[in-house]
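Open the model in your viewer and keep the selection tool at hand. The tour goes stop by stop, with what to select and what is found there.

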Amino acid sequence: MERRHSKRSNFFDFGVNTRQTMRHVEHSKSGSSGIPVKIVPNLFAFRSPSKWCLYQYQVTFMPDIESKRLRMALLFSHSDLLGTIRAFDGAMLFLPNKLQNQATKVTSMMKDGQVVNITILLTSTFPQDSPTCVQFFNIIIKKVLKMLSLYQIGQNFYNPSTPIHIPQHRLILWPGFSTSILRYETKILLSVDISHKVLRSETVLDFMTELYNRVGDQHFSDTCMNELVGFVVLTRYNNKTYRINDIDWNVKPTDIFKKADGTEITYVDYYSQQYDASITDLKQPMLVSWLKSKNRSMDVAPRLVHLIPEFCYLTGLSNQARSDFRIMKDLAAETQLSPQKRQKRLHELIDNIQRNKVTQTELEGWGLHLDEQISLVGRVLPPEKIHMFDHSCQPVSPVDWSKDIRKSRIIGSGPLQDWLMVFSHRNYEVAGQLLACLKKVGPPMGFLIDNPKMIQVNDSPVSFIQALRHHIESSTQLVLCILPSNQKNNYDCLKKFLCVEKPIPSQCVVARTLNKANIMSIVTKIALQMACKTGGELWMVEIPLKSLMVIGIDINFDTLRKGIYVGFVASINSTVTKWLSRCIFQSSSAEVADCLKVCMKGALSKWLEVNHVLPSRIVVYRVGVGDGQLMTLVDYEVPQILDSFKMVDSDYRPKVTIIVVQKKGTCRFFANVNGMLQNPPVGTVIDNEATRPEWYDFFIISQCACQGTVSPTYYNVVYDNSSMKPDHVQRLTYKMCHLYYNWPGVIRLPAPCQYAFKLTTLVAQNVHREPDLELADRLFFL
């Protein structure tokens with residue numbers, strides 16, 4: 001409907017109806033267990049008359065007119081026929097009212113006197129709940145936001161007239177909104193969430209000047225390319241964003257370029273005439289951005305534009321800034337809004353839309369009305385008991401049960417007898433202190449730690465690797481490296497060596513971390529990680545389903561080469577405490593896994609080896625599925641999983657549940673407690689009103705937000721032949737959020753999903769090679 005949005009035409013996965021294949025949730029997909037809680041979502045009713053329709057017309061011009069702007073001018077000259085409320089993209093015309101005739105012919109005259117014949121042909125009539133209408137409503141609401149003087153950047157809208165300055169870090173925040181209109185269970189609703197655009201108060205030219213002063217002339221161009229290519233910049237003269245694809249060192253602002261009408265002009269004169277902007281540095285190089293063509297044809301080359309660094313402002317944060325605690329803390333203070341503040345901002349936007357005469361004229365012209373915020377009822381699931389080796393407890397808070405299990409023994413771990421501790425000469429005392437603390441915290445938790453072989457080396461990663469190559473033996477259980485700094489290159493070299501060349505579980509610790517005051521707390525966490533990496537089990541929750549295998553699948557893009565890593569993590573025992581992992585590289589950049597048969601066969605074979613019988617029930621959690629990819633997953637990945645069973649045993653038919661997990665979404669939920677809005681309790685489930693009628697879906701809030709508003713996790717069951725009740729699926733999913741061994745508390749995702757994420761992150765960002773299968777049955781990636 002708008003050509004520039006053609007790639008997002010399946011943004012909401014219209015047409016994917018997975019619920020109709022699951023008879024057990026045909027009439028109801030809602031659970032019943034738990035305590036009811038009043039919920040206020042960020043959803044507003046978006047009403048239209050009951051018999052409202054959208055009329056689509058195809059518009060042709062004779063002779064043909066290439067210019068979209070001229071087409072619009074010629075067509076809109078007939079306002080007496082069409083009315084003032086209309087939408088036209090150059091080919092298709094949409095009207096709220098039906099024209100008198102099926103085909104309407106009119107004529108218009110161009111400035112040169114040429115007569116143009118226009119034919120307006122009715123092609124379709126869409127009811128209000130059709131996918132086309134819902135997409136059209138999204139276009140209308142974006143048009144309304146533009147009428148409020150909000151600027152569109154990407155898919156969101158921002159208000160540059162009320163910037164939030166963070167001067168100590170040279171940052172500026174533009175407050176804004178993300179919106180979407182969807183067909184929910186019983187009605188069409190508008191979802192509104194708060195968004196912020198991070199801008200730097202420095203221009204690209206400022207950044208380049210500072211970089212030049214820091215690195216000098218010899219390495220400047222290469223360093224500048226590495227730092228800037230890929231970044232998104234904002235040009236304040238038109239409030240548009242561009243991605244930097246290259247830097248042209250041979251083009252200067254005084255050079256001449258050809259405009260669209262064929263005339264030639266210098267960049268200096270162009271910006272002066274077009275935007276009344278003066279270029280001060282006439283020798284600065286030009287940034288290059290490739291604009292994607294609106295033409296859907298794949299053979300159309302992207303259009304190249306040159307940008308002036310002096311007029312470009314960097315957006316987002318650098319990796320260095322993200323690792324700066326002070327910057328992130330000050331940024332969070334402005335962006336992480338409490339439920340009360342978030343609700344206030346939402347109502348300010350809705351009030352502006354409802355009170356503004358221009359926006360109301362637009363909405364009323366289409367017969368649309370923005371109504372009140374809805375409310376619904378959620379449920380808080382019962383708390384889970386945490387089972388240790390010699391102790392079971394009901395945590396005071398599911399968010400963090402470290403105090404509840406402080407003196408308890410972990411479920412099981414073999415003694416650590418043959419291991420290496422490698423450190424630089426200057427960290428000799430730190431290594432001794434760490435060993436003493438490990439031997440102190442290990443035995444009480446049931447993890448016996450013998451003295452390691454202590455190896456002193458120089459600071460360089462080469463020295464570390466040479467020492468490891470010399471000292472690692474087939475009996476070595478673990479390697480602990482005390483790194484002199486947190487330089488990524490050092491960590492990458494060690495992890496690649498210990499994951500690929502010499503596959504041994506490893507634990508890396510930066511020396512500075514061991515100089516902090518809470519040393520015993522830090523060492524306890526290190527000891528728990530070491531226990532996991534050597535095959536230990538820390539805690540468990542009660543799993544009523546017997547012979548259950550749980551799987552997590554995630555993908556991650558390699559940062560060095562084109563392609564993705566598919567992470568596959570599967571439980572291999574009945575208590576869901578031991579895991580098998582596999583990480584496979586795919587040269588294709590498509591976010592779809594094509595290696596699931598191999599992974600499933602390996603996991604089932606390992607289960608059979610451990611349990612002597614195949615699992616009777618399999619639950620798969622698939623993370624990393626973007627909007628518009630659901631149909632591809634259902635058509636491509638689900639059959640791989642189902643076909644893999646025949647590779648193990650031709651008669652094997654387990655009960656299978658496949659669930660898509662999404663961390664990011666526009667829905668937010670506030671608990672209404674005595675008229676005050678606050679974050680819902682941990683364990684809150686929402687499976688009505690805010691869900692989609694064609695899907696078997698639900699939300700779970702399984703984390704606590706100490707600051708700001710909590711983000712729910714969205715689950716969509718795309719395949720289920722197990723006939724498990726919705727209550728059981730929701731309870732099992734919540735239980736899985738308790739089993740992540742890197743944190744003694746519930747987390748946002750089920751544990752296998754988080755394990756798959758950690759695995760692919762390590763491999764895609766640090767190792768860049770498939771890990772050796774020798775490590776597959778240990779959580780080496782924690």
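What follows is a walk through single residues and helix pairs in a predicted model.

**Stop 1: Lys29**

Select Lys29, which sits in the segment before strand S1 (35-41). Is Lys29 buried or exposed? Its relative accessible area is 4%, and the cut-off for buried is under 20%, so Lys29 counts as buried. Now show the side chains of Asp697 and Thr691. The side chain of Lys29 makes a polar contact of 2.4 Å with that of Asp697, and another of 3.5 Å with that of Thr691. Leaving aside residues up to four places away in sequence, the residues that Lys29 touches include Arg19, Glu185, Asp687, Trp695, Tyr696, Pro726 and Gln730.

**Stop 2: Arg668**

Next, select Arg668 in the loop between strand S33 (655-662) and strand S34 (669-673). Arg668 is buried as well, at a relative accessible area of 13%. Which side chain does Arg668 meet in a polar contact of 3.3 Å? The partner is the side chain of Asp193. Then display the backbone of Thr709: its oxygen lies 3.0 Å from a polar atom of the Arg668 side chain. To fill in the surroundings, add Val40, Pro41, Asn42, Arg342, Val710 and Ser711, which are among the residues touched by Arg668 when those up to four places away in sequence are not counted.

**Stop 3: Pro744**

Move to Pro744, in the loop between helix H17 (726-736) and H18. With a relative accessible area of 15%, Pro744 is buried. Measure from its C-alpha atom to that of Ile405: the separation is 8.9 Å, although the two residues are 339 residues apart along the chain. Beyond residues up to four places away in sequence, Pro744 touches Val399, Asp400, Trp401, Ser402 and Trp539.

**Stop 4: helices H13 and H18**

Select residues 488-501 for helix H13 and residues 751-767 for helix H18. Their axes come within 9 Å and cross at roughly 115°, and the crossing is left-handed. On the H13 side, the contact is made by Lys488, Tyr491, Asp492, Lys495, Lys496, Cys499 and Val500; on the H18 side, by Leu762, Gln765, Asn766 and Val767. Sorted by class, these contact residues of H13 and H18 are five nonpolar, two polar and four charged.

**Stop 5: helix H12**

Stay with H13 in view and add helix H12 (residues 461-471). Which residues of H12 are buried? They are Pro461, Ser463, Phe464, Ile465, Ala467 and Leu468. These buried residues pack against H13 and against three strands: S25 (419-424), S26 (453-457) and S27 (478-483).

**Stop 6: helices H15 and H16**

Finally, select residues 596-611 for helix H15 and residues 630-648 for helix H16. The two axes are 8 Å apart and meet at an angle of about 45°, so H15 and H16 are oblique to each other. Their crossing is right-handed. Show side chains where the helices meet: Leu596, Lys597, Met600, Lys601 and Leu604 from H15 against Glu637, Gln640, Ile641, Asp643, Ser644, Phe645, Met647 and Val648 from H16. This contact of H15 with H16 comprises seven nonpolar, two polar and four charged residues.

Notes: Residues numbered from 1 in each chain as written. Predicted model: local features only at pLDDT ≥ 70, side-chain atom pairs only at ≥ 80, totals over all residues. Heavy atoms only, no water. Helix = DSSP H or I, 4+ residues; strand = E, 2+ residues; numbered from the N terminus. Buried < 20%, exposed > 50% of the residue type's maximum accessible area, 1.4 Å probe, protein only. Polar contact = N/O pair within 3.5 Å; in protein donor to acceptor, adjacent residues only side chain to side chain. Contact = heavy atoms within 4.5 Å. Axes fitted to C-alpha atoms, helices over the stretch in contact; angles between N-to-C directions. Parallel < 35°, antiparallel > 145°, perpendicular 65-115°, else oblique. Left-handed = near helix turned anticlockwise from the far one by under 90°. Nonpolar A, V, L, I, M, F, W, Y, C, P; charged D, E, K, R; others polar.
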